[in-house]
Structure formats: structure tokens, C-alpha cells
Number of protein chains: 2
Amino acid sequence: MSVTPQRMAIYRALLEAEDHPSPDTLYRRIHRKMPSLSLATVYKTLDALCALGLVQEASVGSETKRYDANLERHHHLVCTECGGIMDFYDRALDAVAPPRRLSGFVAQGISIQVVGRCAECARTRS
Amino acid sequence: MSVTPQRMAIYRALLEAEDHPSPDTLYRRIHRKMPSLSLATVYKTLDALCALGLVQEASVGSETKRYDANLERHHHLVCTECGGIMDFYDRALDAVAPPRRLSGFVAQGISIQVVGRCAECARTRS
DNA sequence: GTAGTTGCAAATCTTTTGCGCGACA
DNA sequence: TGTCGCGCAAAAGATTTGCAACTAC
């Protein structure tokens, strides 16, 4: 993949950012310095950088909201292939607690997802 | 909050579902049995059920995608108030590993978010 | 020239909102 | 009659796609 001023600017803005910006936020930030930049380029570039492994999506999860009526303590298996989410139970993970010192952040809970490929996708696709 | 056939149907469909459906998926499922149901009602009802604590969003995170160029092993503090995401580092959490037996699911990694209120929001708002 | 990249505009999808209607106390 | 919840349609956002122009080899 070739290095272009746009891609450079996007990657550098992301390296400098402390706040895990959304594509739109990133776009507005860079647009000040580089007014010709388009939002579509930001989206395309972020996809490419993700594919290269240079950046990551900050939150695991699906594109769209998903709901759960299971209120027991449990964790989620998230399939990167099909986007499926499965519940699972694990005593060891239940015991994981937020650290005590978080410099002002008041923890209310902790959420754990195991990311990988579900049985179906692991079997079917290479 | 009053109990209506629509709300009943949505809540029950969610209790029966194993797959953490999206609002749209849920709508299509229930719509077969209750053709008058509208998607807007599904959205409104899911919001209400969330507020009551009867259901949860399956994935922590913001409405929109957020990116991160920090590839070091780290975890996220997610503020429920302002939606902010902050990095933090914690050896104990680094050591948390996916369980071995996951009935066919092939784990590739584990993602941990501490949910709560950031210093700013904890101070400012009640 | 060719391949790859950009910006624009349109299209698509998801989610939210405004509003009139009907149910029910 | 007043309140609440519903469905519909429009609106608002977020993301993707098609395409013509441009650049760098």
C-alpha cells in the first residue's frame, strides 16, 4: 500500500490522539489542516490501516447494536468471522475485578469478551 | 410502565433468543407472528427495557466506530456518561487469559473494558 | 498507458423523532 | 377527557459505493 499525504495525516492524527476518535472526529481534526480531505477517504483509509494491523477498532463488537436479556453474570464469545455473539460462563473470569487505582475513574463494572472464531466458522472457512 | 402485547412479545423474543439479536433481527422475527408491529416500537421498547434493567446491550461501546493506533497490550476505560474511552495499563488484567474449553470456539484474544464514569463526569454530574 | 488513490455525490443502513389515532382508565 | 403507547413516515446520522479526474510510475 502506498504512502500518501492523506494516509500519513490520518495515521499520524490517530497516533497523536488520546481519545480514540471516530472517523468523523478524525476527519474534522485533519480537515482544518488539509481542507481537501474527504470523509470517504478517512473511512477507506481506516479500513485499510485496520487490515494492515496498524490500527484497531477500539471496541470489540458488531456494527449494529445487539441486545441480551440474560442478566446472569456471564461473558461473551465474539466471532470475528460471522459477527455472532455467544454467552459463556467462567468462574475464573467472573472473579476478574477492575483495578483499584484508576486516577479518578469510578469503575462500575467490567466487561470481558473473548474474540475468535466460532465453531461453525472455524470449521467452514479456512 | 404498562405491559402491552408488543412489549411482551419483544421481551419474550429476547429471552428466547440465543444470539443477541439486533433490533432489526428482533423485529423481523416478531413481525411474522405480529404483522402490525413496527420497527420504531422495537427500538423504543428496547430502550425502555434497558432503562428498567431488564435487558442489556450486549457490547459495551459507543454508537459509532472508534479507532486506536495504540498496539501495546492495554485495556479501556469506558465512560457511560460522556462516551469517552481511555487507555490504561494493568499487569493483572494483562494476565487474564481465555478459558481453554470453549466447545469449538477458537479464541484469538480477549478484550477487557472497565465501565464506569470518568474523573470529569464523576465530578461534574451528580 | 496502467494501476492505484482521491473527492464528490448518491445510495444504503441504522436509529430517532414528530404526530395523529386509538385504547383504556 | 386525559394519558399512554402504537404505527407510519420523515428526519437525522453513519457508512459505503460508483465514478470521473488525477498522480506517479
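**Entry 1: the two protein chains**

I started by laying chain A on chain B, and the fit comes out with an RMSD of 0.1 Å. Getting there takes a turn of 180° and a shift of 0.0 Å along the axis. That is how a two-fold axis relates two copies, so I noted it as one. A reminder to myself: I am looking at a predicted model here.

Next I asked which residue of chain A comes closest to the rotation axis. I found A:I112, with its C-alpha at 2.3 Å.

**Entry 2: how chain A is split up**

I looked up the domains of chain A and got two ranges: domain 1 covers 5-67 and domain 2 covers 72-124. I then checked how far apart they sit, and their C-alpha centres are separated by 25 Å.

**Entry 3: DNA strand C**

How many residues surround DNA strand C? I got 17, and I wrote down the closest: A:T4, A:R7, A:S36, A:T41 and B:Y43. Of the strand C atoms that come within 4 Å of the protein, 76% belong to sugar and phosphate.

Then I went through individual contacts. The side chain of A:S2 has an N or O atom 3.1 Å from a phosphate oxygen of strand C. For A:R7, I found a polar side-chain atom 2.8 Å from a phosphate oxygen of this strand. B:K44 goes to a base instead: one of its polar side-chain atoms is 3.4 Å from a base oxygen of strand C.

I also wanted to know which elements give two or more residues to this surface. They are α1 and α3 of chain A, along with α3 of chain B. The most comes from α3(B), which gives four residues. By type, I have six nonpolar, seven polar and four charged residues near strand C.

**Entry 4: DNA strand D**

I repeated the search for the other strand. DNA strand D is surrounded by 16 residues, and the closest are A:Y43, B:T4, B:Q6, B:S36 and B:T41. Sugar and phosphate again turn up in my notes: they make up 76% of the strand D atoms that come within 4 Å of the protein.

On to the contacts with strand D. In the side chain of A:Y43, an N or O atom is 2.4 Å from a phosphate oxygen of the strand. B:R7 also points me to the phosphates, with a polar side-chain atom 3.1 Å from a phosphate oxygen of strand D. With A:K44 I ended up at a base, where a polar side-chain atom lies 3.5 Å from a base oxygen of strand D.

Which elements give two or more residues here? I listed α3 (39-52) of chain A, plus α1 (5-16) and α3 (39-52) of chain B. The largest share is four residues, and I traced it to α3(A). I sorted the residues near strand D as five nonpolar, seven polar and four charged.

**Entry 5: the second largest pocket**

Last, I looked for empty space. Rolling a probe the size of a water molecule over the atoms shows where such space is left. I picked the second largest pocket, whose volume is about 220 Å³.

What lines this pocket? I wrote down A:M8, A:A9, A:R12, A:A13 and A:E16, followed by A:R29, A:I30, A:R32 and A:K33. Two helices of chain A, α1 (5-16) and α2 (23-33), are the elements that give two or more residues to the lining. I credited the largest share, five residues, to α1(A). When I sorted the lining, I counted four nonpolar residues, no polar ones and five charged ones.

Methods
Residues numbered from 1 in each chain as written. Chains lettered and ligands numbered in written order. Predicted model: local features only at pLDDT ≥ 70, side-chain atom pairs only at ≥ 80, totals over all residues. Heavy atoms only, no water. Near = heavy atom within 4 Å. Polar contact = N/O pair within 3.5 Å; in protein donor to acceptor, adjacent residues only side chain to side chain. Nonpolar A, V, L, I, M, F, W, Y, C, P; charged D, E, K, R; others polar. 1 Å grid on protein atoms, 1.4 Å probe; cavity = no way out; pocket = protein on both sides within 12 Å on 5 of 7 lines; lining within 4 Å. Points joined across faces, edges and corners; volume = space filled by probe spheres on them. Domains from an automatic or database assignment. Least-squares fit on C-alpha atoms with pLDDT ≥ 70 in both.
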